[in-house]
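Subject: Structure handover

Hello,

Here is the structure I promised you. Please open it next to this email and follow along.

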Amino acid sequence: NMIFLRQTLRQLALLAIFCFPWGTAFATKIPGDIQLAFTGNWQGKLIYLDQERNVVFSPAWHLCSFLAELRRQMVGDLLLIDVGNNDSCYQPSSILLPGECPDTLANLIHPDVRCLGPGDFSRVSLKQKIPPEFFQRLWTNVLGQTPIFQFRSHLIKTIRGRRLAFACLISPDFLLNSPLAAVPTLTLESPTRAVRRLLSETTNADLIIIIGHLTPKDSKALQPYLSDRVILTEISQNPETESSRREISEHRIWSVPNGNSNLFMVSNKPREGAPFEFTFRRLALGRLPGPIPSEAEQLRERLEEKQNQSLRVITTKECAHSGPFFWKPDTVARMVAHLTRSDLTLIQLPPLPGFSERFVSPDVVMNSIPQELFSEFWFRGIDLERYLQAVFRSHPPETIGAAGGKLAFLGGKVRAFKMGLESMDLPAIYRVSLNESLYRFAPLRPERFGGRAT
């Protein structure tokens, strides 16, 4: 009973923190008005693997019980904004369970506004359609939309007689290697031009909140357009950033930190003549009470099963019972494929990892394989078939990883190869990305097999 009482008092204290703005007396509760809660920016770490290969839950899962209680007890209106950027091509859950973790949490916390971020496109490959639910999210600076590619430009919410407009900008630099770059009908608009268009389309809005996944250059270019009516909410691209806000131009720029550890709250306490008067606070999610939802436990079990299939175990004399772990070449190839636009990504990894860690995480693997060590080549289908046979004659199959195609072996030789779901077309031209250990290896130089650099 004492334990239950302590937990109850702790939860009430946390609710009290949310219901009163920082820097004001605790004697008066916020009058029934608007509170904005910014979450997201999970960057693929809602469920992740630690250095011991254990599955770890992000504190963000505590939002489920906390927000339900907050909505039940608070006076006024709460708008929950999912800023996006919830996946990452460097994290196991995004590779092995593409999109499932953020979509599951979103279904549990019911955000009022959902945006897209650059990391979210890590679940999209050139051979896959964009998930239909993407088109229900906000993305403002994209042009050339068609009935197939139709993103929401902005969203207006009317709360207590006031119209709040939400928009989302992504710097084109963050999408240079995205599969979207290969869609000829889509053009990425500059953020400044998109804001000018947005302002003309939302003249009847009382407040415009722009969620921005921006480079410093694009952020600076937007500052002349900001005002008491136009707020830029910057999303940190650095998972280690802990700053809760940036005081620029009288709070016209808010900075939202990584969402795995924080919930960023903005409360509006209006006064006469000023309908919007904001206070800010950040709640450390790791301090919230409440159980991990059962849906997350189910994802954990599936991730454990998937990662056991995607990690290779090497037993060494120094570590006979629990040898070092590292990602299988196919898994690394899939991660690299997100950074290229090729039809096929082919890599060759050394048979033993050159790392001291017992478990090599995806970001370590990716940092060890700089993108400049990859080159893209054109191959005719018939030449690519000969090249693949030569690759697997020169290197052990367990050191070769492929993404974008499927290989079938028989008698130690490649007997069948499919590009996506289709059989390879021998006269067709394919773009193939190779890592340095393949294209610089004299017997496998692409030029010897009819390949040429793109």
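Start at helix 4, where the buried residues are C101, P102, D103, T104, L105, A106 and I109. Keep in mind that this is a predicted model. Buried residues number 7 of the 10 in helix 4, so the rest of the structure largely encloses this helix. Just after helix 4 comes H110. The phi angle of H110 is positive, near 55°.

**Helix 2 against helix 4**

Now look at how helix 4, residues 100-109, sits against helix 2. Their axes come within 9 Å and cross at roughly 20°. Angles under 35 degrees count as roughly parallel, so helix 2 is roughly parallel to helix 4. The crossing is right-handed.

Which residues meet there? From helix 2 come L63, C64, L67 and R71. From helix 4 come L105, L108 and I109. By type, the residues of this contact are 6 nonpolar, no polar and 1 charged.

**The cores**

The largest nonpolar core has 39 residues. Its members I47, W61, L67, L105, I109 and L263 touch the most other members. Helix 2, residues 63-73, gives the most to this core, with 5 residues. Another core lies apart from it. That one has 37 residues, including V124, F134, I170 and I235.

Back to W61 for a moment. Which residues does W61 touch, beyond those up to four places away in sequence? They are L46, I47, C101, T104, L105, L108, I292, P293, A296 and L299. Find C101, T104 and L105 in that list; they are also among the buried residues of helix 4.

**Two histidines**

H62 is in the loop between strand 3 (55-57) and helix 2. Is H62 buried or exposed? Its relative accessible area is 14%. Buried means under 20%, so H62 counts as buried. Leaving aside neighbours within four places in sequence, H62 is in contact with L285, L288, P289, G290, P291 and I292. Look at P293 as well. H62 and P293 are 231 residues apart along the chain, yet their C-alpha atoms are separated by 8.2 Å.

The other histidine is H395. Find it in the loop between helix 10 (381-394) and strand 19 (400-403). H395 has 12% relative accessibility, so it counts as buried too. Not counting residues up to four places away in sequence, H395 touches Q348, I400, S437, L438, F441 and L444.

**A strand residue**

I156 is in strand 7, residues 154-159. Its relative accessible area is 26%. Partly exposed lies between 20% and 50%, so I156 is partly exposed. Beyond its neighbours within four places in sequence, I156 is in contact with R163, L164, A165 and N204. A167 is 11 residues from I156 along the chain, and their C-alpha atoms are separated by 9.0 Å.

**The whole protein**

Now step back. The protein has 11 helices and 24 strands. How much of it is buried? Buried residues make up 51% of the 454 residues. Take the contacts with a separation of 6 or more. Residues 24 or more positions apart account for 70% of them.

Best wishes

Definitions and conventions: Residues numbered from 1 in each chain as written. Predicted model: local features only at pLDDT ≥ 70, side-chain atom pairs only at ≥ 80, totals over all residues. Heavy atoms only, no water. Core = buried A, V, L, I, M, F, W, Y, C linked by side-chain atoms within 4.5 Å. Buried < 20%, exposed > 50% of the residue type's maximum accessible area, 1.4 Å probe, protein only. Helix = DSSP H or I, 4+ residues; strand = E, 2+ residues; numbered from the N terminus. Contact = heavy atoms within 4.5 Å. Axes fitted to C-alpha atoms, helices over the stretch in contact; angles between N-to-C directions. Parallel < 35°, antiparallel > 145°, perpendicular 65-115°, else oblique. Left-handed = near helix turned anticlockwise from the far one by under 90°. Nonpolar A, V, L, I, M, F, W, Y, C, P; charged D, E, K, R; others polar.
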